[in-house]
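User: I'd like to learn how to read a model like this one feature by feature. Can you walk me through it?

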Amino acid sequence: MKKRVAAVLILALAVLTAGCTSKSAQEQEYVTIGNPWSEWTSLKEAEHAAGFPLHLPETIADSYTALHYRTMDGDMKLLEVVYSDSEYEVTIRKAKGEDQDISGVYGYDQCETREWNNGEPVTFCTTTETADKVHPVRILLSHDGYSWSIYAPNGFEGNSYQGFLTAIFA
């Protein structure tokens, strides 16, 4: 009799816990956060979406060509254009309002503010050399009511950063 009671209890527990098993990998629920960036096929479309112009040419320093155009909506609208040449990539960001770090890149251990040709302050931030022997550079500045960031994850070829600054301050 004890064996029957034990068997019934075990069976009852098995039935009760059968619905409590974890979901398979295909049945699991995931919470995702939407991508805040919108991609555009042209600078004109991106400028229209941002609500302000970039005022930079499609080619800078005779070798960097604009390839990607994005905007981000929210409290602060951002306009982003990625320029590239054969080896280097440079991301330009612009937003209304001055003195804001809109780069989205942090962890720089060396920052220095210098005056650009027209006397405007420009902050250059670099890190020590990475394991890949590259020198990422982040440049922050304000001009005509806007914040700008210039980010080059592999640094710049020579002094080509000057072409970007010249275009911004033109």
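User: Let's start inside. Which residues touch the most other members of the largest nonpolar core?

Analyst: One thing to keep in mind is that this is a predicted model. To find a core, look for buried nonpolar residues joined through their side chains. Here the largest one holds 33 residues, and Tyr83, Ile139, Ile150, Phe156 and Leu165 touch the most other members.

User: Which helices and strands each supply at least two residues of this core?

Analyst: On the helix side, they are helix 2 (43–50) and helix 3 (161–169). The strands are strand 3 (64–72), strand 4, strand 5, strand 7 (121–126), strand 8 (137–143) and strand 9 (146–152). Helix 3 gives the most, with six residues.

User: Take Leu165 then. What is Leu165 in contact with, leaving aside neighbours within four places in sequence?

Analyst: Skipping those neighbours leaves the contacts with Trp116, Val122, Phe124, Ile139, Leu141 and Ile150. Two of these, Ile139 and Ile150, are also on the list of residues that touch the most other core members.

User: On to charges. How many salt bridges does a search of the whole structure find?

Analyst: Six turn up. For each pair, check the N to O distance, then ask where the partners sit. Arg93 and Glu80 meet at 2.6 Å, N to O. That pair links distant parts of the chain, with Arg93 in strand 5 (residues 89–96) and Glu80 in strand 4 (residues 78–84), 13 residues apart.

User: Are Arg93 and Glu80 buried or exposed?

Analyst: Both Arg93 and Glu80 are buried. They also belong to a network of salt bridges that links them with Glu39 and Arg70.

User: What about the salt bridge of Glu112 with Arg114: how far apart are the closest N and O atoms?

Analyst: Those atoms are 3.5 Å apart. To judge exposure, compare the relative accessible area with the 20% and 50% cut-offs. Glu112 has 44%, so Glu112 is partly exposed. Arg114, with 35%, is partly exposed as well. Another salt bridge joins the side chains of Asp73 and Lys77 at 3.6 Å, N to O. Lys77 counts as partly exposed because its relative accessibility is 35%.

User: Now the covalent links. Which cysteines form a disulfide?

Analyst: A search of the whole structure finds one disulfide. Cys111 and Cys125 form it, with their sulfur atoms 2.2 Å apart. The next thing to read is the angle about the S-S bond, which is 115 degrees here, and the link is right-handed. This pair also connects distant parts of the chain: Cys111 is in strand 6 (residues 110–115) and Cys125 in strand 7, 14 residues apart.

User: Why does Cys125 count as buried?

Analyst: Buried means under 20% relative accessible area. Cys125 counts as buried because its relative accessibility is 1%. Its partner Cys111 has 47%, so Cys111 counts as partly exposed.

User: One last stop: where does Ser160 lie?

Analyst: Ser160 is in the loop between strand 9 and helix 3. Don't assume that a loop residue must be exposed: Ser160 counts as buried because its relative accessibility is 11%.

User: And what does Ser160 touch, not counting residues up to four places away in sequence?

Analyst: Ala61 and Tyr64. With Tyr64 there is also a polar contact of 3.0 Å, side chain to side chain.

Key. Residues are numbered from 1 along each chain as its sequence is written. This is a predicted model: local features need pLDDT of at least 70, side-chain atom pairs count only at pLDDT 80 or more; totals for chains, interfaces and linings use all residues. Side-chain values use heavy atoms; hydrogens and water are left out. A salt bridge is a side-chain nitrogen of Lys or Arg within 4 Å of a carboxyl oxygen of Asp or Glu. Buried means under 20% relative accessible area, exposed over 50%, partly exposed in between (1.4 Å probe, protein chains only). Helices (H or I, at least four residues) and strands (E, at least two) are DSSP runs, numbered from the N terminus. A nonpolar core is a set of buried Ala, Val, Leu, Ile, Met, Phe, Trp, Tyr and Cys residues joined through side-chain atoms within 4.5 Å. Contact means heavy atoms within 4.5 Å. A polar contact is a pair of N or O atoms within 3.5 Å; within protein, one must be able to donate a hydrogen and the other to accept it, and residues adjacent in sequence count only if both atoms are side-chain atoms. A disulfide is a pair of cysteine sulfur atoms within 2.5 Å.
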